[in-house]
Amino acid sequence: MDSPSPIRRFLAWLRNSFLTGVALVLPFVVTVAVIWLFVSFIDNNVEPLVPNTLSFLKTFPGGGLLLALVTLTLVGALAGNLVGRWIVETGDKVIANLPLVRSIYGGAKQVFKQVAAPERTSFQQAVLVEFPLPGSYAIGFITNENTAEIVSDIGAELIAVYVPQAPIPTSGFLLYLPRTAFKPLSISPDEALKRVISLGIIRKEDGLPAGK
């Protein structure tokens, strides 16, 4: 077979160099763009509430975000004392009497409380689940092993397993499965989540058997 001509080799090199540049630069561009959009969104919504005494916060990007962080920190600190707890409990009781609002508030509060908890165990372990069809497997995450209040009528021990949809893991399926229905993975939940988001492209080379 004839070797490629110099022009073909040059075009192949040019293409590979371009794709390599895209792979190296675009992650930085996307990261900066997402951060900028987030900071701009916070600034645009917080700056109208900034008092005149703190108008200097409007003179640089991120001033509104800085004020929001300081305010949330102070609110969290105040909620730790007796008066703060009383205010929070009173607010919870008032909202509990509002039919539609209490459902939204209760769900949102549980989610953000779980996220903010330093000891959170939302994704306790990554597992492999036979889903959605026999013979096909998906990455799942154990979210709760104490499910007696849900499966008490079944008379069997079931584990709550969340199976995320790729590449957006915030959408997925909550399954209640026996322990025999899934296989624990050796990788951490963070590593497993990276594989879901990357559509399986990311993989850890170290420690893999030959041919795997």
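**Exercise 1. Determine what share of the residues in the protein is buried, and how its elements are ordered.**

Solution. Buried residues, meaning those under 20% relative accessible area, with exposed over 50% and partly exposed in between (1.4 Å probe, protein chains only), make up 18% of the 212 residues in the protein. The structure is a predicted model, in which local features need pLDDT of at least 70 and side-chain atom pairs count only at pLDDT 80 or more, whereas totals for chains, interfaces and linings use all residues. Residues are numbered from 1 along each chain as its sequence is written, and side-chain values use heavy atoms, with hydrogens and water left out.

Next, assign the elements, taking helices (H or I, at least four residues) and strands (E, at least two) as DSSP runs numbered from the N terminus. The protein has six helices and five strands, and from the N terminus on they follow the order α-α-α-α-β-β-α-β-β-β-α.

**Exercise 2. Identify the residues of the largest nonpolar core and the elements that give two or more residues to this core.**

Solution. A nonpolar core is a set of buried Ala, Val, Leu, Ile, Met, Phe, Trp, Tyr and Cys residues joined through side-chain atoms within 4.5 Å. The largest one comprises eleven residues, namely V127, V129, F131, A138, I142, I159, V161, V163, L175, L177 and F182. Two or more residues come from each of β1 (125-130), β2 (137-144), β3 (159-164) and β4 (172-177), and β3 gives the most, with three residues.

For a single member, take V161: with contact defined as heavy atoms within 4.5 Å, and not counting residues up to four places away in sequence, V161 touches V127, V129, G140, F141, I142, T143, F173, L174, L175, L177 and F182. A second, separate core has eight residues, among them V39, I42, V46 and L65.

**Exercise 3. Describe how helix α1 and helix α2 cross, and which residues meet.**

Solution. Two packed helices are described by the angle between their axes and the distance between the axes. Axes here are lines fitted to C-alpha atoms, for helices over the stretch in contact, and angles run from 0 to 180 degrees between N-to-C directions. The axes of α1 (residues 6-46) and α2 (residues 63-78) come within 7 Å and cross at roughly 75°. Angles under 35 degrees count as roughly parallel, over 145 as roughly antiparallel, 65 to 115 as roughly perpendicular and the rest as oblique; α1 and α2 are therefore roughly perpendicular to each other.

In this contact, F38, V39, I42, D43 and V46 of α1 meet G63, G64, L65, L67 and A68 of α2.

**Exercise 4. Characterise A166 and its surroundings, and locate the cis peptide bond that joins A166 and P167.**

Solution. A166 is in the loop between β3 and β4, and it counts as partly exposed because its relative accessibility is 48%. P167 lies in the loop between β3 and β4 as well, and the bond joining A166 and P167 is cis, with omega about 0°. Leaving aside neighbours within four places in sequence, A166 is in contact with V196 and L199. A166 and G200 are 34 residues apart in sequence and 9.0 Å apart in space, C-alpha to C-alpha.

Turning to L199, this residue is found in the segment after α6, counts as exposed at 58% relative accessibility, and has a phi near 60°, a positive value in a residue other than glycine.
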